Amino acid sequence: MTCQVIIAWVRTYDPALSVKAGDQVTLGREDDEWPGWIWCMPATGPSGWLPKQKLIFNTDGVTAVTTVDYNMRELTVAPGDVVTRISQELGWSQCQNAKAETGWVPDSCLS
């Protein structure tokens, strides 16, 4: 689905969290602004937000295992940009721009 950007967004995490299915992460807090996203810290690489439903929580209450490959790279966009929505999850859309760059953008930035 093609969307037009109505509000600018600048990538906030660079590099971004990238995990593979089966990776173990240490859990942080759940996001207040976008419920359902939880801060995750892998053994290596940058930390970042993952959807709770993409995790299997360990009984220790502080770690979880990822169920899918996931890259949380955000996409910097400007008003008037046209992007193609690839997927949508918990208030965010994974989009591709005209340069074939892919990343996440808050739904509130898109028409």
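Q: In what order do the 4 strands of one open sheet stand, and what is their pairing called?
A: The order is S1-S9-S10-S11, and the pairing is antiparallel; a strand here is a DSSP run of E with at least two residues, numbered from the N terminus. The edge strands are S1 (2-4) and S11, each of which pairs on one side only. Neighbouring strands of this sheet are turned by 50° against each other on average, direction ignored, where the angle is taken between lines fitted to C-alpha atoms, on a scale of N-to-C directions from 0 to 180 degrees.

Q: What kind of model is this, and which pLDDT do local features need?
A: This is a predicted model, in which local features need pLDDT of at least 70 and side-chain atom pairs count only at pLDDT 80 or more, while totals for chains, interfaces and linings use all residues. Residues are numbered from 1 along each chain as its sequence is written, and side-chain values use heavy atoms, with hydrogens and water left out.

Q: How do you know that S9 and S10 pair, and how many bridges join them?
A: Strand S9 (residues 82-89) is joined to S10 by 5 bridges, and two strands pair if DSSP finds at least two bridges between them, so S9 and S10 qualify. Their direction is antiparallel, and one of the residue pairs is Arg85 with its bridge partner Cys95 in S10. S9 and S10 also form a hairpin with 2 residues between them, and Leu90 in that turn has a positive phi of about 50°.

Q: What makes S1 a partner of S9, and how many bridges join the two?
A: There are 3 bridges between S1 and S9, which run antiparallel, and Cys3 has Val83 as its bridge partner in S9.

Q: How many bridges join S10 to strand S11?
A: S10 and S11 (residues 102-106) run antiparallel and are joined by 5 bridges; Trp92 has Pro106 as its bridge partner in S11, and Ser93 stands opposite Val105 in S11. These two strands form a hairpin with 5 residues between them, and the turn includes Ala100, whose phi is positive, at about 70°.

Q: Why is Ser93 called buried or exposed, and what is its relative accessible area?
A: The relative accessible area of Ser93 is 0%, and the cut-offs are under 20% for buried, over 50% for exposed and partly exposed in between, with a 1.4 Å probe and protein chains only, so Ser93 counts as buried. Ser93 lies in strand S10 (residues 92-96). Leaving out residues up to four places away in sequence, Ser93 touches, among others, Ser87, Gln88, Trp104 and Leu110, where contact means heavy atoms within 4.5 Å.

Q: What joins the side chains of Ser93 and Arg85?
A: Their side chains are joined at 2.7 Å by a polar contact, a term for a pair of N or O atoms within 3.5 Å, of which, within protein, one must be able to donate a hydrogen and the other to accept it, while residues adjacent in sequence count only if both atoms are side-chain atoms.

Q: Why is Ser111 called exposed or buried?
A: With a relative accessible area of 56%, which is over 50%, Ser111 is exposed. Ser111 is found in the segment after S11 and touches Cys3, Gln4 and Ile6, not counting residues up to four places away in sequence.

Q: What makes S11 mostly covered, and how many of its residues are buried?
A: In S11, 4 of its 5 residues are buried. In the protein, buried residues make up 38% of the 111 residues.

Q: Which strands form the open sheet of 5 strands?
A: Its order is S5-S4-S3-S7-S6, with antiparallel pairing. Strand S5 (48-51) and strand S6 (55-57) stand at the edges with a single partner strand each, so one side of each lacks a neighbour in the sheet. S4 (residues 37-42) pairs with S5 over 4 bridges in the antiparallel sense, and Trp37 has Pro51 as its bridge partner in S5.

Q: How many helices and strands does the protein have, and how compact is it for 111 residues?
A: The protein has 0 helices and 11 strands. Its radius of gyration is 14 Å, close to the 13 Å of the globule rule, so the protein is as compact as a globular protein of that length; the radius is taken over C-alpha atoms, and the rule is 2.2 Å times the number of residues to the power 0.38. Along its principal axes, the C-alpha trace spans about 45 × 25 × 20 Å.
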